[in-house]
Amino acid sequence: MNGKYRALWLNNDGDLEVIDQRHLPFEKKTRVLKTAGDACEAIKDMTVRGAGVIGNVAAFGVYLAAREFAGDKVKIKQAALMIRESRPTAVNLMWAADRMLNVVKRADDVMTACKTEAIAIADEDVLRTQKIGQLGCDIIKNIMSKQKINQFNILTHCNAGWLAILDSGSALAPIYEAHKRGINIHVWVDETRPRNQGASLTSWELLDAGIDHTIIPDNTGGHLMQQGLVDMVITGADRVAANGDAANKIGTYLKALAAKDNDVPFYIALPINTFDFACENGVRDIEIEQRNEDEVRLMRGLDKSGKLQTIRITPEHSKAANYGFDVTPARLITGLITEAGLVTPNQDAIGKLK
Ligand code: RUB
């Protein structure tokens, strides 16, 4: 489990080792998680992020609890519930914690069973994202042949690459596949304020893969779409409701509105474990995480001497609001690219996936 494009793996000591995403793109560091408390902290402080990967850290976190508490089911369950609560919006976290709780309930050898299950979830994600990549790439090829274009411009928001979900990503999977198939693709990378997952993580992934890309401030997408410079918008998701409404990183909704106004196809790529079948209406019911206002007020980066610095960019006493996600209504979404095929964002089509 330690490929070049793995955001996490079990190391030789049996601990969970993760890429510490807080240091990218400046340094590639890893962090070792030994306990369920470590897993919980790593999700909360954004050492790891992205719906898929926080689901994996939750699953392995329950395994770490089983090891720490020598199979004591009551303590493991408490730890699993603590991890389940570590962030509110991405449903993969709850899905993975619940799947692990089921294993804890049934197993005799809890530690071995938890380890096997966490590895299985990770391996399943790898296969899911491969399928998403292939289908998404077929859609790209169709659009290209219909429009008779040789270069494909695709806009993405936040980071939904291999740092966010093992191993190919969700939104970036079709882009990786297109690059592999020799399609001439260029990616507009939304900066994604305030934490800049686009500017710091998506650009880092694409650069490493040799994929042509340009980082843009978050407000640029509408202008590019008006000018005919975007052939498709694609993002990942943190939770998609039974009616097709999709929660993703704050700012996604505005991109979807601009795409609708300019007849640009707007796709969401997601594995089926990102659906919340129990949530009937996403705009109304999905809980939106609110984060520390310092993420808006402060910026991190290298100074001229190459030293990492944190600076404040706002007046000291101004308040800031920091909503982590927004919900794009189903009517603005062209299609949901899943491992089970292209799904229409409505109750009937989504209901068949259960
Ligand atoms: C991450 C985010 C990503 C989705 C992608 O937010 O919104 O677009 O999680 O999903 P954050 P996936 O950085 O706050 O965790 O993991 O399925 O690619």
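# Report on a two-domain predicted model

Lys148 is placed in the loop between α5 and β4 (151-156). The structure described here is a predicted model. Lys148 is not a glycine, yet its phi is positive, at about 50 degrees. Most residues other than glycine have a negative phi, and most peptide bonds are trans.

**Cis peptide bonds**

Two bonds that precede a proline can be described in turn. The peptide bond running from Leu24 to Pro25 is cis, and its omega is near 10 degrees. Pro25 belongs to the loop between β2 (16-19) and β3 (30-33). The peptide bond from Arg193 to Pro194 is cis as well, with omega near 5 degrees. Pro194 is found in the loop between β5 (184-190) and α7 (197-209).

**Domains and their interface**

The domain assignment of the protein divides it into domain 1, residues 8-124, and domain 2, residues 132-351. Between the C-alpha centres of domain 1 and domain 2 there is a distance of 25 Å. Contact between the two involves 27 residues of domain 1 and 32 residues of domain 2. About 2,400 Å² is buried between domain 1 and domain 2, and carbon and sulfur atoms give 58% of this area. On the domain 1 side, the residues that lose the most area to domain 2 are Phe26, Arg49 and Thr89; together they make up 25% of what that side buries.

Which kinds of polar link cross the interface of domain 1 and domain 2? There are 13 residue pairs in polar contact across the interface of domain 1 and domain 2, with both residues at pLDDT 80 or more. The salt-bridge rule finds 1 salt bridge across the interface. Two helices, α2 (51-68) and α4 (91-106), each supply at least two residues of the side of domain 1 that touches domain 2. Sorted by class, that side of domain 1 has 14 nonpolar, 7 polar and 6 charged residues.

**Salt bridges**

How many salt bridges does the rule count? The count comes to 25 salt bridges. One pair is formed by the side chains of Arg99 and Glu124, with an N to O distance of 2.8 Å. This pair links distant parts of the chain, since Arg99 is in helix α4 and Glu124 is in helix α5 (residues 110-147), 25 residues apart. The side chains of Arg87 and Glu289 also meet in a salt bridge, at 2.7 Å from N to O.

**Around the ligand**

Arg87 appears again at the ligand. The ligand has 18 residues around it, and Arg87, Ser170, Asp238, Asn248 and Lys249 come nearest. The table lists distances from an oxygen atom of the ligand to polar atoms of three residues.

| Residue | Polar atom of the residue | Distance to a ligand oxygen atom |
|---|---|---|
| Ala51 | backbone | 2.9 Å |
| Asp238 | side chain | 2.7 Å |
| Lys249 | side chain | 2.7 Å |

Ala51 thus faces a ligand oxygen atom through a polar backbone atom. Asp238 uses a polar side-chain atom, and Lys249 likewise places a polar side-chain atom 2.7 Å from an oxygen atom of the ligand.

Terms used
Residues are numbered from 1 along each chain as its sequence is written. This is a predicted model: local features need pLDDT of at least 70, side-chain atom pairs count only at pLDDT 80 or more; totals for chains, interfaces and linings use all residues. Side-chain values use heavy atoms; hydrogens and water are left out. Domain bounds come from an automatic or database domain assignment. Contact means heavy atoms within 4.5 Å. Buried area is the accessible area (1.4 Å probe) that two parts lose on being put together, summed over both. A salt bridge is a side-chain nitrogen of Lys or Arg within 4 Å of a carboxyl oxygen of Asp or Glu. A polar contact is a pair of N or O atoms within 3.5 Å; within protein, one must be able to donate a hydrogen and the other to accept it, and residues adjacent in sequence count only if both atoms are side-chain atoms. Helices (H or I, at least four residues) and strands (E, at least two) are DSSP runs, numbered from the N terminus. Ala, Val, Leu, Ile, Met, Phe, Trp, Tyr, Cys and Pro count as nonpolar, Asp, Glu, Lys and Arg as charged, and the others, Gly among them, as polar. A residue is near a molecule or strand if one of its heavy atoms lies within 4 Å of it.
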